[in-house]
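Here is a walk through a protein chain for anyone meeting it for the first time. Have a look at the picture, and then we'll take it piece by piece.

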Amino acid sequence: MVVLVHPTGDESVRALLRALRDAGLLARFVTSLGFPRASVTLFPPPFRAAMMRRSYDLEPQMVRAAPRREILHLLAARLGLTKLMKQEMVSVRVDRIYQAVDQDAAVCLRAARQVPGVIYGYEDCAEHSFLAARERGIRRVYDLPSLYGETARTILREEAARYPEWEPTLANRASESVWEQKTRELALAETIICPSRFVLSSLPEEIRQGKNCNVVACGSPAVAARESNDRGQEPLRVLFAGALSQREGLADVFRALQLLRSTQVRLVLMGSLLQPLRWYQAQFPHFSYELPRTFEDRLQLMRSCDVLVLPSLVPGRAWALSEAMSCGLPVIATANAGAEEFIQDGVNGWKVPVRDPESIADRLQILAEDKERLGGMSQAAQNTARDNTWEHYGEAIVKILQPLMTR
């Protein structure tokens, strides 16, 4: 049986929970704020929609929640107390929430009468629970969604020198204690799950050789039909989706648009602002900005665009790539963004080198001038999404976990 630990429960977590439940392998899900789906009806109507986002299709005894810090965090965010949420030693900070869930999972493991075979933990939320698991002989599986710490820091230092004005968007100021915790978690892990070959390659050689390392690319949502692939003479709508940062290569997107010969291109930015909007407009004024939005609204915006550009340098999971492909958008992305797991060059998108705005501009020029090719690549992108569902993702990880069950 498997104990899965994650503070918030994103789509990858939900997919794995479903797969474990269906295989009869889920012992417990430990989280911050979570409810069995059937219990959501007990909340007053004004709160049900918000609670549904933290609900799971699980039996009540399978969900263990430690909600106090997360509730305070959500209230502080609602009240606009962002400075409070960043202060040292404040309980509503995200890292404090992660640590609380990790510690609660450790208590759960030490108190368990029936010892599970596996604990499945995630980056920044695994150290204490892995220590408890080691004490009881429980196998430790670590989900690493982004680059290994030292590799990421090297890339970010290079970007700060390459684009000094973009340095405030790089978020490269994590304390040494944070990086040390990540290192300790990796040392405690026995099996590691990475979302791409690029993330796997960022690990030190001794870890890749000494531990059971696996690549499982993230899944795609259900494919929805596009209204029409016939764009006619309309401008090419280019979407960038993610935090508006040079971590995701936004400065290179701006430079690519400046290099384009075609005037028939429109840039749409969707994501969280790390600087005031006017700061981005000073870098490149010709774009429309869209706020972050819920899952369904995000897909709706994607279906109104033609191509996704994501030349990331320090990525997390490739959510935007798989979501965009499900909406029929070919993708122009780097290996750092997870392109190797999804893209066939010239078929459903293009893989481009990092720090290469010229390659991005060249591919956008092709699509702006050849709408028939754009239509064919759109269909190919959706075919890729159909072959890489969230169900396949969960099943692939369950196959990795099953041999670990024999203690």
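What follows goes from the whole chain to its cores, one covered helix, a few single residues and a pocket.

Keep in mind from the start that this is a predicted model. The chain runs to 407 residues, and 54% of them count as buried. Its secondary structure comes to 17 helices and 15 strands. How do the contacts spread along the sequence? If you take contacts between residues at least 6 apart in sequence, 66% of them join residues at least 24 apart. On the outside, the accessible surface adds up to about 18,300 Å², with 51% of that belonging to carbon and sulfur atoms.

Now let's go inside. In soluble globular proteins, nonpolar side chains tend to be buried together. Here the largest nonpolar core takes in 88 residues, and the members that touch the most others are Y120, L239, L364 and L401. A second core lies apart from that one, with 36 residues, among them A133, L156, L188 and V314. To get a feel for the largest core, pick L239 and see what surrounds it. Setting aside neighbours within four places in sequence, L239 is in contact with V268, M270, L301, M302, C305, V307, L308, V309 and L329.

Next comes a helix that is mostly covered. Helix α14 spans residues 319-326, and 7 of its 8 residues are buried. The buried ones are A320, L321, S322, E323, A324, M325 and S326. What do they pack against? The buried residues of α14 meet three strands and more: β10 (236-241), β13 (307-310) and β14 (331-333), along with the helices α13 (295-303) and α16 (371-386). After α14 comes G328, a residue with a positive phi, near 90 degrees.Positive phi values turn up at other places too, so to speak of two loops: D124 has a phi of about 75 degrees although it is not a glycine. You'll find D124 in the loop between β6 (118-122) and α6 (127-135). Is D124 buried, exposed or partly exposed? At 23% relative accessibility, it counts as partly exposed, because anything between the 20% limit for buried and the 50% limit for exposed gets that label. R355 also isn't a glycine, and its phi is positive at about 60 degrees. R355 sits in the loop between β15 (349-351) and α15 (357-369). With a relative accessibility of 30%, R355 is partly exposed.

Let's turn to I192, in strand β8 (residues 191-194). Its relative accessible area is 0%, so I192 is buried. Which residues does I192 touch, leaving aside those within four places in sequence? The contacts of I192 are Y142, L144, L186, L203, I207, K211, N212, C213 and N214. One of these partners, L144, is 48 residues away from I192 in sequence, yet their C-alpha atoms are 6.9 Å apart.

From I192 we can step across to R208, which belongs to helix α10 (residues 205-210). The two are 16 residues apart along the chain, with 9.1 Å between their C-alpha atoms. R208 has a relative accessible area of 31%, which means that it is partly exposed. Not counting residues up to four places away in sequence, R208 touches L200, S201, L203 and C213. Two of those names, L203 and C213, also appear in the list of contacts for I192.

W179 is another residue worth finding in the picture; look for it in helix α8 (residues 176-188). With a relative accessible area of 13%, W179 is buried, because the limit for that label is under 20%. Its C-alpha atom is separated by 9.8 Å from that of R153, and the two residues are 26 apart along the chain.

Last stop: empty space. Rolling a probe the size of a water molecule over the atoms shows where empty space is left. The second largest pocket holds about 270 Å³ of space. It is lined by 16 residues, and the closest to its centre are A27, R28, A112, Q114 and P116. Which element gives the largest share of this lining? That is α5, with 4 residues. Both β2 (26-31) and α5 (94-111) supply at least two residues each. Sorted by class, the lining of the second largest pocket has 11 nonpolar, 3 polar and 2 charged residues.

Notes. Residues numbered from 1 in each chain as written. Predicted model: local features only at pLDDT ≥ 70, side-chain atom pairs only at ≥ 80, totals over all residues. Heavy atoms only, no water. 1 Å grid on protein atoms, 1.4 Å probe; cavity = no way out; pocket = protein on both sides within 12 Å on 5 of 7 lines; lining within 4 Å. Points joined across faces, edges and corners; volume = space filled by probe spheres on them. Nonpolar A, V, L, I, M, F, W, Y, C, P; charged D, E, K, R; others polar. Core = buried A, V, L, I, M, F, W, Y, C linked by side-chain atoms within 4.5 Å. Buried < 20%, exposed > 50% of the residue type's maximum accessible area, 1.4 Å probe, protein only. Contact = heavy atoms within 4.5 Å. Areas by Shrake-Rupley, 256 points an atom, 1.4 Å probe, with all protein chains shown as cover.
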